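Student: I am new to this structure and would like to look at it with you. Could we go through it step by step?

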Amino acid sequence: MSNARGNGDPGDRPADEAALSARLRHLGERLDHQRASRPPEPDSGARPAADSSAMARGFRLSSELVAGVLVGAVIGWLLDRWLGISPWGLIVFLLLGFVAGVLNVMRAAGVTTYGGPDRQG
Amino acid sequence: MDPIHQFNINNLFHIGTIAGRDIHFTNSAAFMLLAVVLTGLLMLGTTAGRQLVPGRLQSLAEVTYEFVANMVRNNVGEEGMKFFPLVFSLFIFILISNMVGLIPYAFTISSHIIITATLALLVFFTVIVYGLWKNGLHWFKLFVPSGVPVYILPLIVFIEVLSFLSRPLSHSVRLFANMLAGHITLKVFAGFVTMLGGLGVLGWAGAVLPLGLTVALTALELLVAFLQAYVFAILTCIYINDAIHPGH
């Protein structure tokens, strides 16, 4: 390797240029081979943890729960206003939103996967 | 002394009037432009030389590319690389603007929920539109988990839809709340330093504690600025994965 690097000075003979381009082509082929051998699909089971620090993780989980409850509450409130069924829309959708929030938290924590064949309902 | 004064939006100059509304170039827009210009300089300027053995700045650009490319490949697969420009733009825009926001007197773009909500809704609608375009009606299998008994299926579908709808909310609130809370905390502790400093010699001695905390918090904020950009990008990857591989 060291003598090959020594030959790479600028202003060398064209023979060295050819050798260099041959090496580059060889390297390109090896890179292509490497790319092809890479697993094409991610394993759907274990997700890598989305965040590393404990604080970020805690914040992520709590915001998932709050988001679920809030979206449920807003949808329930809108249904109440449009259909005039107050307070039943809010009650039902708040509960459903809470369940969705818990589902979000379980997925974010990796207890259940985002969607695999072995999803535990 | 007002800890939320830093989040004020100021009009810099008037651009024009659209549908009866005045459109102003604000300080927020100026810092967005700054983030884009810095990103452009970093990515175009450092790779212009294109040496086989990268220099310091060129390897910075290459490491950033590799980092995001690996994130997309690991979470979505090779198929997801067509979304690489989107994920990379989101990541680098949030990262650079968070970092710029840490400089004193700078404005933090992502401390306004309208910005983070816009970015999160962009991802949300990209997932819906691409999912429907690519998979057609099969995409709705995302809401119907397999192996669930028929009698509780309607309930499960309702919950799955709600869970899906809550995504842009948690996606945007997380970034916004982290940046807002961090900057307010920093400002409050820095305010203690000047307040105690006005009390004379005893106050100067007392001001050492909040000063030390301010330095420590700045280091923490640096970590949070990177981490939140990373979390935003990786969640984008996870959501895009649902658009490409729904149902299962």
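Tutor: Gladly! Two residues are in contact if their C-beta atoms, placed from the backbone, lie within 7 Å. Keep in mind that this is a predicted model.

Student: Which residues in helix 2 of chain B meet helix 1 of chain B?

Tutor: Start from the helix 1 side of chain B, where Leu42(B), Met43(B), Thr46(B) and Thr47(B) make the contact. The residues of this contact divide into five nonpolar, three polar and no charged. On the helix 2 side of chain B, the partners are Leu57(B), Gln58(B), Leu60(B) and Ala61(B).

Student: How are helix 1 and helix 2 of chain B oriented to each other?

Tutor: Their axes come within 9 Å and cross at roughly 120°. An angle between 115 and 145 degrees falls outside the parallel, antiparallel and perpendicular ranges. Helix 1 and helix 2 of chain B are therefore oblique.

Student: Which helix gives the largest share of the largest nonpolar core?

Tutor: That core has 50 residues, and Val87(B), Phe91(B), Ala229(B), Ala233(B) and Cys237(B) have the most contacts inside it. Several elements give two or more residues, including helix 3 and helix 4 of chain A. The largest share, 13 residues, comes from helix 7 of chain B.

Student: Is Gly101(B) buried or exposed?

Tutor: Gly101(B) sits in helix 3 of chain B. A residue needs 20 or more other C-beta atoms within 10 Å to count as buried. Because Gly101(B) has 21 such neighbours, Gly101(B) is buried.

Conventions
Residues are numbered from 1 along each chain as its sequence is written. Chains are lettered from A and ligands numbered from 1 in the order in which they are written. This is a predicted model: local features need pLDDT of at least 70, side-chain atom pairs count only at pLDDT 80 or more; totals for chains, interfaces and linings use all residues. Axes are lines fitted to C-alpha atoms, for helices over the stretch in contact, and angles run from 0 to 180 degrees between N-to-C directions. Helices (H or I, at least four residues) and strands (E, at least two) are DSSP runs, numbered from the N terminus. Angles under 35 degrees count as roughly parallel, over 145 as roughly antiparallel, 65 to 115 as roughly perpendicular and the rest as oblique. Ala, Val, Leu, Ile, Met, Phe, Trp, Tyr, Cys and Pro count as nonpolar, Asp, Glu, Lys and Arg as charged, and the others, Gly among them, as polar. A nonpolar core is a set of buried Ala, Val, Leu, Ile, Met, Phe, Trp, Tyr and Cys residues joined through C-beta atoms within 7 Å. A residue is buried if 20 or more other C-beta atoms lie within 10 Å of its own, exposed if 12 or fewer, and partly exposed in between; C-beta atoms are placed from the backbone.
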